[in-house]
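These are my notes from going through a structure I had not seen before. I took the sheet first, then the helices, then the contact between the chains.

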Number of protein chains: 2
Amino acid sequence: MTRSLGLVFAVIIAAVLNPPANAQSPRDDIEAALVTFAAAFNRGDDAGVAAHYAEDGAILLPDSARVDGRANIQAFWKGAIDAGLADLTLKAVEVGGSGDIAFEVGEVSYSAPDKTGARSTATGKYIVVWKKGTDGVWRLYRDIWNANPAK
Amino acid sequence: MTRSLGLVFAVIIAAVLNPPANAQSPRDDIEAALVTFAAAFNRGDDAGVAAHYAEDGAILLPDSARVDGRANIQAFWKGAIDAGLADLTLKAVEVGGSGDIAFEVGEVSYSAPDKTGARSTATGKYIVVWKKGTDGVWRLYRDIWNANPAK
C-alpha cells in the first residue's frame with residue numbers, strides 16, 4: 001500500500017470513530033431540552049412537556065406503576081400540573097453514552113401546595129435515558145426518579 | 001481505486017461499525033451479573049455485592065442521599081443485609097446502549113422482616129447505567145430505583 005493510501009485509510013477510520021462533536025456530546029442538546037421541559041411544565045403546558053418524550057417513552061414513578069407511551073405520560077404530567085405542582089427546575093449533573101442513546105443523572109426541584117395552600121419545595125434525583133430520533137432530536141426515552149430526604 | 005482495494009475499505013469500515021456481537025450486546029453479561037449480584041446479597045456477602053459496582057459507581061437511594069464510591073456502596077448494602085433484607089431477585093426488562101455504556105431497565109423484589117419478624121415481599125423498578133471496564137467486565141456505574149405501589 002502506498003503512503004497516500006495509508007493516509008486515506010487513517011482518515012476514513014478516524015472519521016468513523018470520531019463523528020462530529022455535536023454527534024458525540026449530546027450534553028448541550030439535553031440541557032436545552034431540560035430548559036424547555038421545565039418552561040412547558042411551569043406554564044401548565046402538559047402537551048409541551050410530553051413532546052419532550054419519545055413516542056415510546058416510559059416513566060418509572062415512585063410508589064406507582066410504570067407509565068408507557070407519550071399520551072399516558074402527558075396524562076401523568078397533566079395530573080401533576082392540576083395538583084398544583086410548579087416551579088420545576090431540572091439540572092443535568094452527568095451526561096454520558098454514545099451513539100443515539102445517552103444517559104443523564106440529574107437533580108430536580110419543584111414546589112407543591114399543602115392542604116392549606118402553603119407551598120413547600122421538594123427535591124429529588126433522576127436518571128433519564130435519552131434517545132436521539134431519526135429527526136436528530138434528543139427525547140426522554142426512560143425516566144426514573146426518587147425523592148431526596150425531607151429537610 | 002481498484003475493486004479489491006474498495007473491498008478492503010468496505011471490510012475495514014464494516015469492522016469498525018460492527019464490532020463482534022459480544023461487544024454489541026451486553027445483555028448476556030448483564031444478566032449473568034444480576035445472578036451473581038443477587039446470589040452475593042442472599043448469602044450476606046456485602047463485598048461480593050459491591051464488587052459488581054465500578055470503583056466510581058454511585059447509587060441514588062429513594063428518600064435518601066446519593067452514595068458515591070464502591071466502599072460506601074458496600075456499607076449501604078451491608079446495612080441492608082444487617083437489616084434482614086433477603087430473597088433478592090433482579091430481572092432485566094430492557095437493555096440498550098452501545099460502546100462501553102449500557103442502560104438496563106429492571107425489576108427488583110426482596111423480602112424484609114417487620115417488627116414481629118414476619119417477612120413481607122416488596123417490589124420495585126430500577127435503571128442501571130452499566131460501564132464496561134478496561135478489563136472487559138460490565139459493572140454497575142449508576143443505580144437508581146424506586147418502589148412499586150404496595151399491594
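In what order do the six strands of the open sheet in chain A lie? I noted beforehand that this is a predicted model. I read the order in chain A as β2-β1-β6-β5-β4-β3, with mixed pairing.

Next I looked for the edges. They are β2 (66–68) and β3 (86–98) of chain A, each of which pairs on one side only. From one strand to the next, I have the twist at an average of 20 degrees.

I then checked one edge more closely. Strand β1 (residues 53–60) of chain A runs antiparallel to β2(A), and three bridges join them. Here I found A58(A) opposite D68(A) of β2(A).

Entry on helices. Which strands of chain A does helix α3 (residues 27–42) lie across? I list β3, β4 (101–113), β5 (119–132) and β6 (138–147) of chain A, and the helix runs at about 160 degrees to β3(A). Helix α5 (residues 70–82) of chain A lies across β1 and β2 of that chain, at about 50 degrees to β1(A).

Entry on the hairpins, looked up in chain B. β3(B) and β4(B) pair in the antiparallel sense over ten bridges. In this pair I found T89(B) opposite S109(B) of β4(B). Two residues lie between the strands of this hairpin, where G99(B) takes a positive phi near 70 degrees.

I followed β4(B) to its pairing with β5(B), which is antiparallel over 13 bridges. E107(B) stands opposite K125(B) of β5(B). This hairpin has five residues between its strands, and G117(B) in the turn has a positive phi of about 95 degrees.

Entry on the contact. How many residues does each chain put into it? I have 27 residues from chain B and 27 residues from chain A. On the side of chain B that touches chain A, α1 (3–17), β3 (86–98), β4 (101–113), β5 (119–132) and β6 (138–147) of chain B each supply at least two residues. α1(B) gives the most, with five residues. I sorted the residues of that side of chain B into 16 nonpolar, seven polar and four charged.

Last, I looked up how the two copies are related. A turn of 180 degrees with a shift of 0.0 Å along the axis lays chain B on chain A, with an RMSD of 0.0 Å. I therefore wrote down a two-fold axis as the relation. The same surface serves both copies, as 100% of the contact residues of chain B recur in chain A.

Note on methods:
Residues numbered from 1 in each chain as written. Chains lettered and ligands numbered in written order. Predicted model: local features only at pLDDT ≥ 70, side-chain atom pairs only at ≥ 80, totals over all residues. Contact = placed C-beta atoms within 7 Å. Helix = DSSP H or I, 4+ residues; strand = E, 2+ residues; numbered from the N terminus. Nonpolar A, V, L, I, M, F, W, Y, C, P; charged D, E, K, R; others polar. Pairing = 2+ DSSP bridges. Least-squares fit on C-alpha atoms with pLDDT ≥ 70 in both. Axes fitted to C-alpha atoms, helices over the stretch in contact; angles between N-to-C directions.
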